Amino acid sequence: MRESPFKAYDIRGRVDDTLTEALMRRTGHAFAAVMARGAPVVIGRDARESSPRLAAALAEGVCDGGSDVLDIGLCGTEEVYFATDHLRAGGGLMVTASHNPKGDNGLKLVGAGARPVDRPGGLDRIEALAMGQVDLPRPAAQRGKVRQAEVRVAYVEKIASFVAPETLPPVHLMANAGNGAAGPAFDAVLAALTAAGAALTVTRLHHTPDPTFPNGIPNPLLPENQPANADAVRTAGADLGLAWDGDFDRCFFFDASGGFVDGAYIVGLLAGAILARHPGEAIVHDGRVFLNTRDIVARAGGRAVAAPTGHALMKAAMRRSNAIYGGEMSAHHYFRDFMFCDSGMIPWLLILAEMGRTGRSLAELVAARIAAFPVSGERNFRLADPALAIARVEAAYAPRARARDDGDGLSLEFDTWRFNLRRSNTEALVRLNVEAAGDRTRVEVETAAISALLSG
């Protein structure tokens with residue numbers, strides 16, 4: 001049987017192999033039948049070379065299912081989320097493989113109100129229909145139509161509403177769109193902020209969407225991709241560096257010296273800033289790295305709620321707890337006032353606002369937290385036998401751990417440190433994160449030891 005591109009909560013596959021136009025058409029038809037049921041469906045796409053034709057096939061399938069398509073064209077994933085809610089659509093589909101290799105593509109799915117589509121919530125049924133395990137319904141007697149929809153103006157207004165533009169500090173930004181979809185949306189947000197009184201200077205890098213990705217697939221989380229951003233910040237003399245992945249649902253930060261700021265500290269910084277204005281609220285965090293976040297939330301009088309990694313799972317946890325903010329150390333940031341969805345544009349606005357409120361640079365805002373709670377940064381491993389490698393680590397460490405959590409991979413906690421080891425939901429990788437309370441040497445030693453066990 002051909003490998004299914006349906007993953008835990010998204011679709012990812014190799015174009016014209018596991019992910020074909022025929023499959024996308026069937027998926028569109030299935031989505032219309034299971035989720036939309038006659039209501040219109042928003043479709044957007046990223047800058048990948050295959051995205052236009054895959055989006056066209058998807059739209060044909062949605063029309064087969066009897067739903068109209070509201071096509072918003074080249075955009076970011078968060079614009080599909082916004083449009084689905086703003087246009088009161090029955091669901092939204094974003095053609096993207098985010099930061100996956102160039103030959104991949106995929107699909108992110110949401111229901112009405114931008115609610116996530118998870119396995120019990122409909123993804124199992126959609127997969128069964130799309131993969132031919134169950135017969136698709138007959139094409140609707142009244143096929144849907146494809147209509148162009150414009151939502152960027154309303155989207156920008158929503159994004160800008162998270163700050164008072166006239167109070168933002170007059171900083172110089174280095175913005176790297178990675179030749180993905182972020183450039184046009186960033187320009188629109190910046191224009192709105194400037195019109196409202198913000199005085200921001202911007203140096204742009206790899207700004208124009210380009211399906212050939214001449215500067216590599218945009219994934220600023222990879223250590224090998226970070227020096228180019230650091231150099232650009234220093235060359236421009238910027239106060240702050242920003243970089244996005246291909247569909248810009250993740251935003252990454254570099255301080256004025258070009259130093260990469262690990263996502264764990266951005267989660268804590270945003271949680272503290274939001275709780276300062278909204279005390280007592282719930283903050284959701286993922287289970288990979290959280291010592292710093294929990295400490296900040298406790299000090300600010302908030303309530304920390306753990307959730308498994310992954311956008312559908314984080315959003316579900318946020319809705320259950322009515323959390324005002326949720327953050328993953330991988331740079332996904334979720335906001336209750338943005339349909340509980342993740343955004344790559346809201347975080348940098350809130351960071352700028354915090355810099356303006358405190359008069360401190362990003363480096364100054366996180367320095368004490370980095371010293372108090374050092375982290376390894378996420379280490380990724382491609383392994384011949386992931387289960388065996390993880391079992392080696394478990395055998396070596398589990399007997400002396402004081403606490404264990406198997407809710408999202410293997411998490412083991414010791415007196416002053418902890419680690420999380422998990423298999424990726426979207427890629428063939430095993431991911432390791434190590435953190436400690438005030439002991440960087442411990443982080444370095446244990447990271448090396450666990451890495452050696454994983455590699456055999």
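In this predicted model, the search for disulfides comes to a count of 0. Two cysteines show how this result arises. The sulfur of C75 has its closest cysteine sulfur in C341, 13 Å away, which is too far for a bond. Seen from the other side, C341 finds its closest cysteine sulfur in C75, again at 13 Å and too far for a bond. Since a disulfide calls for sulfur atoms within 2.5 Å, the pair does not qualify, because 13 Å separates the two sulfurs. Both residues are hidden from the surface: C75 is buried, with a relative accessible area of 1%, and C341 is buried as well, at 0%.

A good place to start with the fold is a set of parallel strands. Strand β2, residues 41-45, runs parallel to strand β3, residues 69-74, and 5 bridges join the two. Within this pairing, R45 has L74 of β3 as its bridge partner. Between the two strands the chain passes through helix α2, residues 51-64, and the resulting β-α-β crossover is right-handed. Strand β3 also pairs with strand β6, residues 146-148; these two run parallel and are joined by 3 bridges. Here V69 is partnered by V146 in β6. As a general point for reading such strands, side chains in a regular strand alternate between the two faces of the sheet.

Attention now turns to the interior. In soluble globular proteins, nonpolar side chains tend to be buried together. The largest nonpolar core in this model has 72 residues, and the members that touch the most others are L193, W244, M345 and W348. Helix α8, residues 263-277, gives the most to this core, with 9 residues. The surroundings of W244 can be followed in more detail. With neighbours within four places in sequence left aside, W244 is in contact with A175, N176, A177, A182, F186, P218, P220, R250, C251, G344, M345 and W348. Apart from the core that holds W244 lies another, made up of 30 residues, including F6, A30, A55 and A130.

Charged side chains add a further layer, with 35 salt bridges found in a search of the whole structure. One of them joins R143 to E60, with the closest N and O atoms 3.3 Å apart. R143 lies in the loop between α4 and β6, whereas E60 belongs to helix α2, so this pair ties together parts that are 83 residues apart in sequence. Both ends count as partly exposed, R143 at 34% relative accessibility and E60 at 32%.

A second salt bridge stays inside one helix. The side chains of D295 and R299 meet with an N to O distance of 2.8 Å. These residues are 4 apart in helix α9, residues 291-299, and are therefore separated by about one helical turn. R299 counts as exposed, at 66% relative accessibility.

A third example is the salt bridge between R402 and D415, whose closest N and O atoms are 3.8 Å apart. This pair links distant parts of the chain, 13 residues apart: R402 sits in the loop between α13 and β18, and D415 in the loop between β19 and β20. Both residues count as exposed, R402 at 53% relative accessibility and D415 at 64%. Finally, D286, R288, E328, E378 and R431 are joined into one network by salt bridges that share partners.

Note on methods:
Residues are numbered from 1 along each chain as its sequence is written. This is a predicted model: local features need pLDDT of at least 70, side-chain atom pairs count only at pLDDT 80 or more; totals for chains, interfaces and linings use all residues. Side-chain values use heavy atoms; hydrogens and water are left out. Two strands pair if DSSP finds at least two bridges between them. A crossover is right-handed if, with the strands pointing away from the viewer, the path from the first strand over the helix to the second runs clockwise. Buried means under 20% relative accessible area, exposed over 50%, partly exposed in between (1.4 Å probe, protein chains only). A nonpolar core is a set of buried Ala, Val, Leu, Ile, Met, Phe, Trp, Tyr and Cys residues joined through side-chain atoms within 4.5 Å. Contact means heavy atoms within 4.5 Å. A salt bridge is a side-chain nitrogen of Lys or Arg within 4 Å of a carboxyl oxygen of Asp or Glu.
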